[in-house]
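Colleague: I'm new to this one, so could you walk me through it and tell me what stands behind each label?

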Amino acid sequence: GYELVFDREVEYRIFRTIPHHLPTLERQLTVPTALIYADKSTMVNKKNVHYMKEKYQVRSWRMVGTHMLPMEKPEAV
């Protein structure tokens with residue numbers, strides 16, 4: 001089997017920062033917003049990036065990594 005080698009609480013806190021309610025914020029974002037995502041993650045795709053750019057002017061950066069990018073490269077993120 002597999003065993004997690006990181007704190008579940010840390011993963012939970014990272015996941016909580018994802019704006020799942022973004023559609024409710026149309027025309028309400030008043031500060032520059034950015035998305036940093038991993039090229040090997042299945043959580044963000046080209047359609048998501050395009051949608052966020054067109055609807056909310058969210059700038060995005062793709063980095064080499066996986067779903068666990070914040071834990072893989074915390075300084076870069």
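Colleague: Let's start at the beginning of the chain: why does valine 5 count as exposed?

Modeller: The label exposed is for relative accessible area over 50%, buried for under 20%, and partly exposed for what lies in between (1.4 Å probe, protein chains only). Valine 5 has 81% relative accessibility, so it counts as exposed. Valine 5 sits in the segment before α1, and its C-alpha atom is 34 Å from that of proline 23, 18 residues apart along the chain.

Colleague: Before we go on, what kind of model is this?

Modeller: It's a predicted model, where local features need pLDDT of at least 70 and side-chain atom pairs count only at pLDDT 80 or more, while totals for chains, interfaces and linings use all residues. Residues are numbered from 1 along each chain as its sequence is written, and side-chain values use heavy atoms, with hydrogens and water left out.

Colleague: What pLDDT does the protein chain average?

Modeller: pLDDT is the predictor's confidence in each residue, from 0 to 100. The protein chain averages 84, and 99% of the residues score at least 70. Among the elements, helix α1 (residues 8–16) has the lowest mean, 80, and strand β2 (residues 59–63) has the highest, 94.

Colleague: How many helices and strands does the protein chain have?

Modeller: There are 3 helices and 2 strands, in the order α-β-α-β-α from the N terminus. Those are DSSP runs numbered from the N terminus: helices are H or I with at least four residues, strands are E with at least two.

Colleague: What joins strand β1 to β2?

Modeller: Two strands pair if DSSP finds at least two bridges between them. Here 5 bridges join β1 (residues 34–38) to β2, and the strands run parallel, so they pair by that rule. Within the pairing, tyrosine 37 stands opposite arginine 62, and leucine 35 stands opposite serine 60.

Colleague: Which elements make the β-α-β unit?

Modeller: β1, helix α2 (residues 46–56) and β2 make it, and it is right-handed. To get that label, look with the strands pointing away from you: the path from the first strand over the helix to the second runs clockwise.

Colleague: What makes the contact of arginine 13 and glutamate 9 a salt bridge?

Modeller: The rule asks for a side-chain nitrogen of Lys or Arg within 4 Å of a carboxyl oxygen of Asp or Glu. Their side chains meet at 3.3 Å, N to O, so the rule is met. The two residues are 4 apart in helix α1, which means they are separated by about one helical turn. Arginine 13 is exposed, at 53% relative accessible area, whereas glutamate 9 is partly exposed, at 37%.

Colleague: How many salt bridges does the structure hold?

Modeller: It holds 2. Aspartate 39 and lysine 40 also meet in one, at 3.5 Å from N to O. Lysine 40 reaches 54% relative accessible area, so it is exposed, while aspartate 39, with 32%, is partly exposed.

Colleague: Which residues form the nonpolar patch on the surface?

Modeller: Phe15, Ile18 and Met43 form it, with about 260 Å² of accessible area together. Patches take residues with over 30% relative accessible area and no salt bridge, joining like charges within 9 Å and nonpolar side chains (Val, Leu, Ile, Met, Phe, Trp, Tyr) within 5 Å. Phenylalanine 15, in helix α1, has a relative accessible area of 37%, so it is partly exposed and passes the patch cut-off too.

Colleague: Why is valine 10 called partly exposed?

Modeller: Because its relative accessibility is 35%, valine 10 counts as partly exposed. Valine 10 is in helix α1, and its C-alpha atom is 9.1 Å from that of methionine 71, 61 residues apart along the chain.

Colleague: And where does glutamine 57 lie?

Modeller: In the loop between α2 and β2. Glutamine 57 has a positive phi of about 55° although it is not a glycine. At 57% relative accessibility, glutamine 57 counts as exposed.

Colleague: What share of the residues is buried?

Modeller: Buried residues make up 19% of the 77 residues in the protein chain. The C-alpha trace spans about 45 × 25 × 25 Å along its principal axes.

Definitions and conventions:
Areas by Shrake-Rupley, 256 points an atom, 1.4 Å probe, with all protein chains shown as cover.
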